[in-house]
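Could you walk me through this model in the viewer, stop by stop? I'd like to know what to select next and what is there.

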Amino acid sequence: MAAKTFVCLGGYPDIKRSLLERGWEDVSGAGGAAEATLTWTCRTGDVDFSKLETPRLANHFQRISQLCTKVGLNSRLQESRGLCENDIDVFYPQTFHLVGHGEIDAFVNEYRLRKVEGVLKEWLQHVKAGRAPNETFHEDVVRIALEAARRNLANIDELLEEDENEAGVEGFSLSASEWSVLKEVDVDCPNKDIKELEVQKQSRLEQDRNRQQLKQAFAKQVTDLKRMATQLQEKAAKKQQEKLRKQALRQKLSNAVLRSRLPALTGTPSSPGAGTEPSGDAKKEEGTPRDSPGADTVSRRRFSPKGAFATPAAPPGPAEQEEEFTGPSGAELRAEVEKVMDAWQELCPQFRVNGSHNLWILKPAGRARGVGIFLSSNLDEILQTARTERETTTWICQKYVETPLLLDGRKHDLRQWVLITSWDPLTVWFWGECYVRIAADEYVLDDTNNMRHLTNNAVASNHPLFDKEDDHWRCMWDQAQYQDYLRKKFGHDAWKQKVRPAMQRAVLATLTSVQETMLESKAAASCFELVGYDFLVDAELGVWLLEVNTSPSMEYSTCITKRLVPEVLEDSLKVVLGDGPEDAPYGRFELLHRGARIHDASSAGPSYKAATAGLSVEGQRLRPPAPQSSVPGAKEIRESSQRLAERRAQELQALEKKKQQRKEKERQKVEQKQRLRSSLRNKVLGMKNRASSEAAPKANAEGGSEDQNQVQVAQPECSEDAGK
């Protein structure tokens, strides 16, 4: 039987020692490295996956970057929303890869939402603490934040069911004026004067003045139009009265002529007003004097305009003037804010850890060990960093957990080792002990120095007081010390009951999110991976995943890692090689999960692409029917032209006929007028001749003179009657 060989690159003296004790041969520097039974290296690039076949093994999967890089982990988790058993928002803080307009816009929107949340949280704390109004945020600021929070909590399903379908315009958003106020708010200085508030107040006052001026100008225009309407009515009434007066005068003259001729026709003497009754028109005219107010009233009703002039709007009074919206205040405002915040906390799993300072942690995507990481709550600084350093690296921007659990005033995180031996079926091993990494300085939100916020041992070791042998300044605890601290602080075994189970759920959720992608790795059946999960615990024992590390540090940085590192490496070999003792075949590793196979090896194999390679879609392309030709033939053109010509000729004939009929009517009217005038003239002349033959010479002379005058006066009336 040939000796087993191994290649170990990048350190790992414990792996070398353990394998040599098993009788393996180290060929790291020899020519047989390509055929080594086991390859253990720090870098994935050192493994030739194209030549890796069973029974050879390697400690990296080809596509492990999908899990163990900041960008890959974030992308896979975001893609798995709704697919994992647990929502990622319960263990993974809001994270954005600041590349592309879509992702940056989403971050800006989330940043503004967190600003709204922080203002309302801080204001409630001030009110509950009994601060005076001048020691906290201005109520206008609180009202703006409250309205934005309400929009954020709007139920999209209910909006879609409404008739107006307001879902297209509702939802969280901040107008330019709202954000111009909120971006000036400083939670550390809540009573700071907000210049934008005064600017907007003056703008509202100016708008109110402009509206009042417009109302006054409109009222003046209405008054002027009413006056003009009255003048037009009076003018129309005067014209009507003048017309009636002229008609009455002509009627009187005509009646006088007829009365003067009645004696001559009937043989009775004439006397003014004797034996005659005034005509109906005369009675009507006499019964309605020309200056009668009745005529004026009738004419006014007849010519009164309609619309705005008939019922003019009254000038706007003080009650109709638009008042500036103030909204709730005092106790009412507090009740509204508490109601909204309770609903927000129920819907948002990260509500309790977001805090109020809107602090974000930025990590360069391609670096490790805390290099380049910084904290910021300034939106402009974050966006400027993402833009200016785009050529060297991209940035992961993650919401900072502002309420961490503190160990004697210092922030901490947990490093947990996890071993993955298969992706199909998913097989995960959870090591029995983690260790605690602690920040060097006390936790303070107002100071963003990395010594207060970063717990990576590579950062803490740069502190001037760092001492890996000192209980405090080695900045590290083991699990037993941490478990005892939690028991004393919370009164129960919080580690076993809450923290450890939450860590295990997060591990399974992340591995499930990348399982399909990892199945596409070459030689996945010959690989395994030991990764380091970093978790943060908040003040209410919530567990939050920070990142996953491939080739986690195995240095003896303190006495704690000096004890733990050899054990976890030895146990990893026991699981992979299957040569552990019967009483502890896997050391301190416990099987966390072994799922069902996804792909049947007899059909599809471990590769998702291979499983779908034989699938195809068959069918025929559907094409629309060819449209009928729209080009007419020569016969159709001739027929169409002929129809158009005939219709045009008919239209011309109809027009000519109407024109002839109109001329004929006009000619008949003229002839009728002429006949009427001739008939009246003959009657008057005949009456004159008969009267002159019977009267005495003197009477004849007087009568002749009088007849002449009457004829001259009556002629206009006859002409007018003929026109009628």
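Here is a tour that starts with the whole chain and then visits two sheets, some rings, the cysteines and one helix.

**Before you click**

This is a predicted model, in which local features need pLDDT of at least 70 and side-chain atom pairs count only at pLDDT 80 or more, while totals for chains, interfaces and linings use all residues. Residues are numbered from 1 along each chain as its sequence is written, and side-chain values use heavy atoms, with hydrogens and water left out.

**Whole chain**

Show everything as a cartoon: the protein has 21 helices and 15 strands. Helices (H or I, at least four residues) and strands (E, at least two) are DSSP runs, numbered from the N terminus. Of the 724 residues, 37% count as buried. Buried means under 20% relative accessible area, exposed over 50%, and partly exposed in between (1.4 Å probe, protein chains only). Among contacts between residues at least 6 apart in sequence, 69% join residues at least 24 apart; contact means heavy atoms within 4.5 Å.

**First sheet: β2-β1-β3-β4**

Now select β1 to β4. These four strands make an open sheet in the order β2-β1-β3-β4, with parallel pairing. β2 (25-26) and β4 stand at the edges with a single partner strand each, so one side of each has no neighbour in the sheet. Two strands pair if DSSP finds at least two bridges between them.

Zoom in on β3 (residues 38-40), which is joined to β4 by two bridges. Thr39 stands opposite Ala58 in β4. Next, add helix α18 (residues 559-577): this helix packs on the sheet, touching β3 and β4, and its direction makes about 150° with that of β3. Then add helix α1 (residues 13-21), which lies across β1 (5-8), β2 and β3 and runs at about 170° to β1. For these angles, axes are lines fitted to C-alpha atoms (for helices, over the stretch in contact), and angles run from 0 to 180 degrees between N-to-C directions.

**Second sheet: β5-β8-β6-β7**

Hide those and select β5 to β8. You get another open sheet of four strands, in the order β5-β8-β6-β7 and with antiparallel pairing. The edges are β5 (95-97) and β7 (374-376); each has a single partner strand, so one side of each is left without a neighbour in the sheet. From one strand to the next, the twist averages 25°.

Center on β8 (residues 395-399), which five bridges join to β6 (residues 360-364). Leu362 has Cys397 as its bridge partner in β8, and Ile361 has Gln398. Toward β5, the antiparallel pairing runs over three bridges, and His97 stands opposite Ile396 in β8.

Is β8 covered on one face or both? Both: Trp395, Cys397 and Lys399 on one side and Ile396 and Gln398 on the other are all buried. In a regular strand the side chains alternate between the two faces of the sheet.

Bring in helix α3 (residues 70-79) and you'll see it touching β5, β6 and β8, with its direction at about 115° to that of β5. Helix α4 (residues 101-128) lies across β5, β6 and β8 as well, running at about 150° to β5.

**Rings**

Color the aromatics next: a search of the whole structure finds 17 aromatic pairs. Rings of Phe, Tyr and Trp (its six-membered ring) pair if their centres lie within 6.5 Å; planes under 30 degrees apart count as stacked, over 60 as edge-to-face and the rest as tilted.

Pick Phe61 and Trp423. Their ring centres are 5.7 Å apart and their planes are at 70°, so the pair is edge-to-face. Phe61 is in the loop between β4 (57-58) and α2 (65-68), and Trp423 is in strand β9 (residues 412-423), 362 residues apart. Both Phe61 and Trp423 are buried.

Then select Phe96, Phe107, Tyr111, Trp179 and Trp360, which ring pairs link into a cluster. Add Lys399: its charged end sits over the ring of Trp360, 6.0 Å from the ring centre. Elsewhere, the charged end of Arg588 sits over the ring of Trp431, 4.9 Å from its centre. A charge sits over a ring if NZ of Lys or CZ of Arg is within 6 Å of the ring centre and within 35 degrees of the ring normal.

**Cysteines**

How many disulfides does the structure hold? Zero, where a disulfide is a pair of cysteine sulfur atoms within 2.5 Å. Click on Cys8, which is buried at a relative accessible area of 3%, and then Cys189, partly exposed at 32%.

**Last stop**

Finish at Ala480 in helix α16 (residues 479-490). Ala480 is exposed, with a relative accessible area of 53%. Draw a distance from its C-alpha atom to that of Tyr435, 45 residues apart along the chain, and you should read 9.0 Å.
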